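Student: I would like to learn how to read a protein model feature by feature, going from the overall division down to single residues. Could we work through one together?

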Amino acid sequence: MPNSMKAAYLPGNSTVEMRTVSVPKPAHGEVLLAVKASTICGSDIRCIYHEHLGKGPEGYCGVIAGHEPAGQVVEAGPGCRRFKVGDRVLVYHISGCGLCPDCRRGFMISCTSAEYRRAYGWQRDGGMAEFMIAEEKDLILLPDSLTYLDGAQVACGFGTVYEGLEKIGISGNDAVLITGLGPVGLAAGALCRKLGAEKIIGIDVLDERLEIARSLDLCDHVLRSGPGNVQQVRDLTGGHGVERAVDCSANAEARATAIRATRKWGRMVMIGEGGSVTFNPSPDIIHDQKTIYGSWVSSIWRMEELVEKLVRWNLHPEDIVTHRFTLDQAADAYALMATGKCGKVAVCPGEAR
Ligand SMILES: NC(=O)c1ccc[n+]([C@@H]2O[C@H](COP(=O)([O-])OP(=O)(O)OC[C@H]3O[C@@H](n4cnc5c(N)ncnc54)[C@H](O)[C@@H]3O)[C@@H](O)[C@H]2O)c1
Ligand SMILES: [Zn+2]
Ligand SMILES: [Zn+2]
């Protein structure tokens, strides 16, 4: 085991700082992972990369960046009960106290302990490094048929979307609208396909993203964002609108489109974070008996269930990765993700498979 390693930090001025730091030792109940894949999320750009905007659970504490890690256990600290050296794992990216009502539901994202709730890459060291410490209770086993790049994306994006889609329910009865075709919206397209959605319509402002959604066959129809979107969606759905909508854009107009393009009795889920939305409750939701859900990450058991489903569905989140970088190139990786002219962007500190 080397004594030192490279690690990436985000000073908050649209740059990445590489530092050489000590390789940490796992304490009781912790493991040391050799990080194999670490993907970049829209939240990293929105809350940390350009400026340290986040507060509370989105506050960045100057730690090693990266909240979507997958890797291999290279050392297990004392007291580990299940995971051992050699295991391939992904990390549920928020470590909670384990004892509050939210943690007991598996939603460590919503842990209420001010002392123990710490998210990897936000308040404790994350995956943009050669090695990282993770608590054993935060690990999910990665089956042999899934790659580390598959696993890294389950840690946040695919896990988040799966939870949101399970809340609104997706089946062959449903036409689904996805607003925002960044990596999270692309994940929604990929999962809606496997859940049997009858028709998938995607909207974005960036041609590059519309093209990725089309070329990977994640949407049946892609629309450029604009004031005519609600009518266009109705035209594609017999004049009624979609049964289900998923906002992955966080944009006010796109959110309003998702609400208005959902038909009577329909359901939508808001996943994109930050910003606002304006709508008129009576015509837009109340009189049409519609339901709006909010969904924040996922429970760890749902994430584990998704891993099993990915194997059975033969679905590889890695397919939406358009660009891979070495750890030394982390600055280029964040800069590219900030442009939006890409699918998922990944950093692979070790050789990924
Ligand atoms: N709820 C959660 O738990 C959770 C978890 C992970 C990420 N997120 C959030 O999900 C969102 C998406 O994440 P991502 O990694 O795909 O980020 P991203 O920023 O790459 O994706 C957002 C997409 O929305 C598009 N967009 C912007 N304005 C639009 C408009 N008017 N109409 C249609 N599309 C528009 C952008 O072009 C971009 O492609 C972010 O807000 C992120 O913070 C939420
Ligand atoms: Zn994320
Ligand atoms: Zn807790």
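**Reading the model from domains to residues**

Tutor: The protein divides into domain 1 (4-147 + 316-347) and domain 2 (162-294), and this is a predicted model, which should be kept in mind throughout. Between the C-alpha centres of domain 1 and domain 2 there are 29 Å.

Student: How many residues does each domain bring to the contact?

Tutor: Domain 1 supplies twelve residues and domain 2 supplies 13 residues. On the side of domain 1 that touches domain 2, helix H1 (residues 42-49) gives the most, with three residues, and that side consists, by class, of three nonpolar, five polar and four charged residues.

Student: Turning to strands, which way do the residues of E8 point, and are they buried or exposed?

Tutor: The general idea first: in a regular strand the side chains alternate between the two faces of the sheet. In this structure, Phe131, Ile133 and Glu135 point one way from E8, while Met132 and Ala134 point the other way, and all are buried. Because five of the five residues of strand E8 (residues 131-135) are buried, the strand is largely enclosed by the rest of the structure.

Student: In what sense do E3 and E8 pair, and over how many bridges?

Tutor: Strand E3 (residues 30-39) pairs with E8 in the antiparallel sense, over five bridges. To find the register in the viewer, start from Leu33, which stands opposite Met132 in E8.

Student: What is the strand order in the open sheet of six strands?

Tutor: A sheet is read by following its strands from neighbour to neighbour, and here the order is E12-E11-E10-E13-E14-E15, with parallel pairing. Strand E12 (221-224) and strand E15 (291-294) are the edge strands, each of them pairing on one side only. From one strand to the next, the twist averages 20°.

Student: How is E13 joined to E14, and which residues stand opposite each other?

Tutor: Strand E13 (residues 242-247) and strand E14 (residues 262-270) run parallel and are joined by five bridges. Arg244 stands opposite Arg267 in E14, and Ala245 stands opposite Met268 in E14. With E13, strand E10 (residues 175-179) pairs in the parallel sense over four bridges, and there Thr179 stands opposite Asp247. Six of the six residues of E13 are buried, so E13 is largely enclosed by the rest of the structure.

Student: Which strands does H3 lie across, and at what angle does H3 run to E14?

Tutor: H3 lies across E13, E14 and E15, and its angle to E14 is about 155°.

Student: And how should I read the meeting of H3 with H9?

Tutor: For two helices, take the approach of the axes and the crossing angle together: the axes of helix H3 (residues 148-168) and helix H9 (residues 300-313) come within 9 Å and cross at roughly 105°. Since angles of 65 to 115 degrees count as roughly perpendicular, H3 and H9 are therefore roughly perpendicular to each other. Asp150, Val154, Phe158, Gly159, Tyr162, Glu163 and Glu166 in H3 meet Arg302, Met303, Leu306, Val307 and Leu310 in H9, and the residues of this contact divide into seven nonpolar, one polar and four charged.

Student: Where is Ala333, and why does Ala333 count as buried?

Tutor: Burial is read here by counting neighbours, with 20 or more other C-beta atoms within 10 Å as the cut-off for a buried residue. Ala333 sits in helix H10 (residues 330-339), and Ala333 counts as buried because it has 25 C-beta neighbours inside 10 Å. Leaving aside neighbours within four places in sequence, the contacts of Ala333 are Ile40, Phe325, Val345 and Val347. For Val345, which is twelve residues from Ala333 along the chain, the two C-alpha atoms are separated by 6.4 Å.

Student: Which residues other than glycine have a positive phi that I should inspect?

Tutor: Two cases to inspect are Ala250, whose phi is about 70° although it is not a glycine, and Val297, whose phi is near 50°, again a positive value in a residue other than glycine. Ala250 lies in the loop between E13 and helix H7 (252-260), and because 22 other C-beta atoms lie within 10 Å, Ala250 is buried. Val297 is found in the loop between E15 and H9, where Val297 is buried, with 24 other C-beta atoms within 10 Å.

Key. Residues are numbered from 1 along each chain as its sequence is written. Chains are lettered from A and ligands numbered from 1 in the order in which they are written. This is a predicted model: local features need pLDDT of at least 70, side-chain atom pairs count only at pLDDT 80 or more; totals for chains, interfaces and linings use all residues. Domain bounds come from an automatic or database domain assignment. Two residues are in contact if their C-beta atoms, placed from the backbone, lie within 7 Å. Ala, Val, Leu, Ile, Met, Phe, Trp, Tyr, Cys and Pro count as nonpolar, Asp, Glu, Lys and Arg as charged, and the others, Gly among them, as polar. A residue is buried if 20 or more other C-beta atoms lie within 10 Å of its own, exposed if 12 or fewer, and partly exposed in between; C-beta atoms are placed from the backbone. Two strands pair if DSSP finds at least two bridges between them. Axes are lines fitted to C-alpha atoms, for helices over the stretch in contact, and angles run from 0 to 180 degrees between N-to-C directions. Angles under 35 degrees count as roughly parallel, over 145 as roughly antiparallel, 65 to 115 as roughly perpendicular and the rest as oblique.
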